[in-house]
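Trainee: Could we go through this structure together, looking at how each label is justified?
Mentor: Gladly; bring up the structure and start asking.

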Amino acid sequence: MSFPFFKSDKKPILIAHRGASGYAPENTLSAFKLALDMGARFIELDVNQSKDGQVVVIHDDNLKRAAGVKKKIVDLTREEISNYPLKKLANGHYPPERVPTLEEVLTLISRRAVVDVEIKGGNSGYTGIEEKVLGLLERKGYNGMSTVSSFNHECLRRVRELSPAMHLIYLLGLKPLKIAIGEMRESHCEALGVSVSQISRSVIQLAHQRGLHVCVYTVNKRPMWEKLSLMRVDAIFTDFPDLLGMPEYEEPTLGLTNGE
Ligand code: G3P
Ligand code: CA
């Protein structure tokens, strides 16, 4: 199985990392709306799970960085989480933001972009989050136009058990590549997500030889994008979806709507 979104032997696909997070507060409705307005057609977001089992869109497992509050997501209900206003960016002019739920974000995007849901939760994970994420993606019409990614192989394994068709991105983290490739084969992950600090020609070559796509995060400068493009990576995560100008952008075409 390979990603229908990626066109091999073309330029890398752009994935808006946490929305247009270089301009708007990351993982917020403003950041996702701006990414769409900039023309992004593939958007990444991070999810954690609240005390009452809601899937909420936030990178960290606590509110310290996003809202300046020393509280863990898992210890708060969805309603309690939404009571904390998120910090504003110094030069951004955005409405007051709260942590959105995955459902709210999927509604906002409204199938105008492919969505990559990164399930957070570390090695222990969140009980039942995989079922919830898959259920929401299905209910909101994102089957076939979504991916799930994780640094946690147990999580990817569980998603694969639940959904033979979901596209999976295996985030490498600190695992040796050999072990990662074995785990990817086991849970039929089609793409390897690698940090720009770890990427090399040999990693790309090894992955491509095994029929795996290579996605690199997070690239915010044009020279690095060009270098990676020449190295034939398949997708690049960026906080600045307007970085390259949309004419150079390889657009995934699959089943996207105008949001109507
Ligand atoms: O999915 C790529 C990237 O988002 C993984 O790292 O820390 O930005 O979630 P992080
Ligand atoms: Ca992420």
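Trainee: What makes Cys155 count as buried or exposed?
Mentor: Its relative accessibility is 3%. Buried means under 20% relative accessible area, exposed over 50%, and partly exposed in between, with a 1.4 Å probe and protein chains only. Cys155 therefore counts as buried. Before we go on, this is a predicted model, where local features need pLDDT of at least 70, side-chain atom pairs count only at pLDDT 80 or more, and totals for chains, interfaces and linings use all residues. Residues are numbered from 1 along each chain as its sequence is written, chains are lettered from A and ligands numbered from 1 in the order in which they are written, and side-chain values use heavy atoms, with hydrogens and water left out.

Trainee: Why is Cys155 not bonded to Cys189?
Mentor: A disulfide is a pair of cysteine sulfur atoms within 2.5 Å. The sulfur of Cys155 has its closest cysteine sulfur in Cys189, at 9.9 Å, so the gap is too far for a bond. The structure holds zero disulfides. Cys189 is buried too, because its relative accessibility is 5%.

Trainee: How do you know that Glu104 and Arg78 form a salt bridge?
Mentor: A salt bridge needs a side-chain nitrogen of Lys or Arg within 4 Å of a carboxyl oxygen of Asp or Glu. For Glu104 and Arg78 the N to O distance is 3.2 Å, and the pair qualifies. Glu104 lies in helix 4 (residues 102-109) and Arg78 in helix 3 (residues 78-82), so the bridge ties together parts that are 26 residues apart in sequence. Those helices are DSSP runs of H or I with at least four residues, numbered from the N terminus. Arg78 is buried at 17%, while Glu104 is partly exposed at 34%.

Trainee: What makes Arg139 and Glu103 a salt bridge?
Mentor: Their closest N and O atoms are 3.3 Å apart, which meets the limit. Arg139 lies in helix 5 (residues 129-139) and Glu103 in helix 4, so this pair joins parts that are 36 residues apart in sequence. Arg139 has a relative accessible area of 56%, so the label is exposed. Glu103, at 31%, is partly exposed.

Trainee: Where do Arg157 and Glu154 sit?
Mentor: They are three residues apart in helix 6 (residues 153-162), separated by about one helical turn. Their side chains meet in a salt bridge of 2.7 Å, N to O. Arg157 is partly exposed at 28%, as is Glu154 at 46%. A search of the whole structure finds 16 salt bridges.

Trainee: Which residues surround ligand 1?
Mentor: A residue is listed if one of its heavy atoms lies within 4 Å of the ligand. That gives His17, Arg18, Glu44, Asp46, His59, Glu118, Lys120, Phe151, Leu171, Tyr217 and Phe237.

Trainee: How do you know that Glu44 makes a polar contact with ligand 1?
Mentor: A polar contact is a pair of N or O atoms within 3.5 Å. An N or O atom in the side chain of Glu44 is 2.9 Å from an oxygen atom of ligand 1, so the pair passes. For His59 the corresponding distance is 2.8 Å, and for a polar side-chain atom of Glu118 it is 2.9 Å.

Trainee: How much of ligand 1 does the protein bury?
Mentor: Taken alone, ligand 1 exposes 290 Å², and the protein buries 90% of that. The areas come from the Shrake-Rupley method with a 1.4 Å probe.

Conventions:
Helices (H or I, at least four residues) and strands (E, at least two) are DSSP runs, numbered from the N terminus. A polar contact is a pair of N or O atoms within 3.5 Å; within protein, one must be able to donate a hydrogen and the other to accept it, and residues adjacent in sequence count only if both atoms are side-chain atoms.
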